[in-house]
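Please open the model in a viewer and keep the sequence panel visible. The tour below proceeds by selection, with a short account of what each selection shows.

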Amino acid sequence: MEIFWKILLVIFAVGLISVVLLQKGKSAGLSGAITGGAEHLFGKQKARGLDLFLQRLTVGLASGFFILSLVVAYVVKV
């Protein structure tokens, strides 16, 4: 059972890395990080289509990765 959880964790990790790399950059440079992040935070730029799907998939995979890492840590300890 321990091996199953570890394999699932590796699949989630590879999936998360892949999805993050598939996303395009929102801004470039330091000025883009300051102004672009604020615009995105307050909803001036809304994601549509593939960008929205990749954002939601990233959140889902990151949540799954976090939960699975806690489960694997518990299973290995016990």
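Helices here are runs of at least four residues assigned H or I by DSSP, and they are numbered from the N terminus. The coordinates belong to a predicted model.

**The whole chain**

Begin with a cartoon of the entire protein. Three helices and zero strands make up its secondary structure, and the order along the sequence is α-α-α. Next, display the solvent-accessible surface. About 6,100 Å² is exposed, and carbon and sulfur atoms supply 73% of that area. Of the 78 residues, 17% count as buried. Among contacts with a separation of 6 or more, 87% join residues that are 24 or more positions apart.

**Helix α1 and its nonpolar patch**

Select residues 2-22, which form helix α1, and find Ile3 within that helix. Ile3 counts as exposed because its relative accessibility is 61%, and the cut-off for that class is over 50%. Now add Ile7 and Ile11 to the selection. Together with Ile3, these residues make a nonpolar surface patch of about 310 Å².

**The salt bridge within α1**

How many salt bridges does the structure hold? There are two. Side chains of opposite charge can pair when their charged atoms come close.

For one of the pairs, select Lys6 and Glu2. The closest N and O atoms of this salt bridge are 3.0 Å apart. Both residues belong to helix α1 and are separated by four residues, about one turn of the helix. Lys6 is partly exposed, with a relative accessible area of 38%. Glu2 is likewise partly exposed, at 33% relative accessibility.

**The salt bridge between a loop and α3**

Move to Lys24 and Asp51, whose closest N and O atoms are 4.0 Å apart in a salt bridge. Lys24 lies in the loop between α1 and α2 (29-41), whereas Asp51 is in helix α3, so this pair ties together parts that are 27 residues apart in sequence. Is Lys24 buried or exposed? Lys24 counts as exposed, because its relative accessibility is 56%. Asp51 is partly exposed, with a relative accessible area of 23%.

**Helix α3 and its buried residues**

Select residues 50-77, the extent of helix α3. Draw a distance between the C-alpha atoms at its two ends: they are 40 Å apart, which agrees with the span of 40 Å expected for 28 residues at 1.5 Å a residue.

Within α3, show the side chains of Leu54, Thr58, Leu61, Leu68 and Val72, and mark Gly64 as well; these are the buried residues of the helix. Against which helix do the buried residues of α3 pack? They pack against α1.

**A closer view of Thr58**

Finish by centring the view on Thr58, which lies in helix α3. Thr58 counts as buried because its relative accessibility is 15%, and buried means under 20%. Leaving aside neighbours within four places in sequence, Thr58 is in contact with Leu16, Val19, Val20 and Gln23. Which of its partners shares a polar contact with the Thr58 side chain? The partner is Gln23, whose side chain makes a polar contact of 2.6 Å with the side chain of Thr58.

Conventions. Residues are numbered from 1 along each chain as its sequence is written. This is a predicted model: local features need pLDDT of at least 70, side-chain atom pairs count only at pLDDT 80 or more; totals for chains, interfaces and linings use all residues. Side-chain values use heavy atoms; hydrogens and water are left out. Patches are made of residues with over 30% relative accessible area and no salt bridge: like charges are joined within 9 Å, nonpolar side chains (Val, Leu, Ile, Met, Phe, Trp, Tyr) within 5 Å. Accessible areas come from the Shrake-Rupley method with a 1.4 Å probe; for residues, only the protein chains shown count as cover. A salt bridge is a side-chain nitrogen of Lys or Arg within 4 Å of a carboxyl oxygen of Asp or Glu. Buried means under 20% relative accessible area, exposed over 50%, partly exposed in between (1.4 Å probe, protein chains only). A polar contact is a pair of N or O atoms within 3.5 Å; within protein, one must be able to donate a hydrogen and the other to accept it, and residues adjacent in sequence count only if both atoms are side-chain atoms. Contact means heavy atoms within 4.5 Å. The expected span of a helix is 1.5 Å times one less than its number of residues.
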